[in-house]
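The following exercises concern the architecture of a single protein chain. Each task is followed by a solution that proceeds step by step.

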Amino acid sequence: MGMRIEMWNTAFLLSQTELLVRIGLAGVLGWVIGNERRNRNKSAGTRTHAIVALGAALVMVVSKYGFWDVPDYDAARVAAQVVSGVSFLGAGIIFVRNNLVNGLTTAAGVWATAGVGLAVGSGLYLIGIAAAVMLVLMQIMTHQIAYLARESSHGVIRMTLVQESGAVKRMQAFLEKAGVAVSSVKIQKTKKEEVKLEFEVIYPYGYEKAALFSDLAEMGGVVMVGE
């Protein structure tokens with residue numbers, strides 16, 4: 001009898017150790033993914049990704065093995081909430097500044113990192129490790145390979161001009177000639193006989209905005225220019 005209890009305890013400890021290894025491995029993989037984001041000074045770095053992966057693995061383990069005494073329980077119900085729960089965390093990473101959306105890639109990475117944690121937590125080691133490697137490689141390749149990194153960027157140019165005939169058209173023509181696409185423009189007249197303009201523009205990949213703003217500031221009739 002004592003031998004059977006001892007064997008059961010040993011098997012129990014081994015199974016619990018494996019589950020701890022799953023959770024720890026998920027945290028390490030999350031750290032690896034987050035390290036790439038940290039090196040690019042993104043808002044969510046190593047700690048965020050590591051905690052998300054570790055937490056997802058923990059929820060997966062609890063979901064699969066925490067309700068063994070409940071008959072006919074659904075092991076996917078608890079783990080399924082990770083997908084929607086991490087979405088709220090991703091929403092906090094995304095922010096809008098000057099009509100520009102930032103953080104989408106990092107938020108998507110955090111969401112995918114939760115998937116890595118779920119995979120490792122469920123015992124799919126190969127899938128979880130391979131997915132983490134693919135995530136890191138995808139992030140690196142899309143930044144290092146010139147063709148994949150060629151993405152246009154959106155921006156806003158705010159200007160104050162001396163009110164005169166054709167000033168708005170002249171500025172829009174100058175921007176388009178400089179290679180900047182104008183998607184929309186807002187015009188506001190002031191009591192100081194000035195015109196305030198707000199151009200929503202699209203910059204080509206690698207565009208030198210500093211030179212553009214310098215040229216705009218030196219143009220006649222320009223009182224103020226900025227983003």
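**Exercise 1.** Is strand β5 (residues 194-203) mostly covered or mostly uncovered, and how many of its residues are buried?

*Solution.* The model is a predicted one. In β5, 7 of the 10 residues are buried, and the strand is mostly covered. For the protein as a whole, buried residues account for 32% of the 227 residues.

**Exercise 2.** Determine the strand order of the sheet that contains β5, and identify its edges.

*Solution.* Step one is to list the pairings. Strand β3 (residues 153-162) runs antiparallel to β5 and is joined to it by 10 bridges; M159 stands opposite L197 of β5. On β5, strand β4 (residues 181-189) is also antiparallel, with 8 bridges, and A181 stands opposite I202. β3 and β6 pair over 4 bridges, again in the antiparallel sense; here the bridge partner of L161 is V222 in β6.

Step two is to assemble these pairs. The result is an open sheet of 4 strands in the order β4-β5-β3-β6, with antiparallel pairing. β4 and β6 (222-226) each have a single partner strand, so they stand at the edges and one side of each lacks a neighbour in the sheet. From one strand to the next, the twist averages 20 degrees.

**Exercise 3.** Describe the connection between β4 and β5, and state which residue in the turn has a positive phi.

*Solution.* The two strands form a hairpin with 4 residues between them. In the turn, E193 has a positive phi of about 55 degrees.

**Exercise 4.** Locate helices α7 and α8 with respect to the sheet.

*Solution.* α7 lies across β3, β4, β5 and β6, and runs at about 20 degrees to β5. α8 also packs on the sheet, where it touches β3, β5 and β6; its direction makes about 165 degrees with that of β6.

**Exercise 5.** Characterise the packing of α7 (residues 167-177) against α8 (residues 209-217).

*Solution.* First, consider the geometry: the two axes come within 12 Å and cross at roughly 150 degrees. Angles over 145 degrees count as roughly antiparallel, and α7 and α8 are therefore roughly antiparallel to each other. The crossing of α7 past α8 is right-handed.

Next, consider the contact: M171, F174 and L175 of α7 meet L212, D215 and L216 of α8. These residues divide into 5 nonpolar, no polar and 1 charged.

**Exercise 6.** Place these elements within the whole chain: what pattern does the protein follow along the sequence?

*Solution.* The secondary structure comprises 8 helices and 6 strands. Read along the sequence, their pattern is α-α-α-β-β-α-α-α-β-α-β-β-α-β.

How values were computed: Residues are numbered from 1 along each chain as its sequence is written. This is a predicted model: local features need pLDDT of at least 70, side-chain atom pairs count only at pLDDT 80 or more; totals for chains, interfaces and linings use all residues. Side-chain values use heavy atoms; hydrogens and water are left out. Axes are lines fitted to C-alpha atoms, for helices over the stretch in contact, and angles run from 0 to 180 degrees between N-to-C directions. Angles under 35 degrees count as roughly parallel, over 145 as roughly antiparallel, 65 to 115 as roughly perpendicular and the rest as oblique. A crossing is left-handed if the near helix is turned anticlockwise from the far one by less than a right angle, and right-handed if clockwise. Contact means heavy atoms within 4.5 Å. Ala, Val, Leu, Ile, Met, Phe, Trp, Tyr, Cys and Pro count as nonpolar, Asp, Glu, Lys and Arg as charged, and the others, Gly among them, as polar. Buried means under 20% relative accessible area, exposed over 50%, partly exposed in between (1.4 Å probe, protein chains only). Two strands pair if DSSP finds at least two bridges between them.
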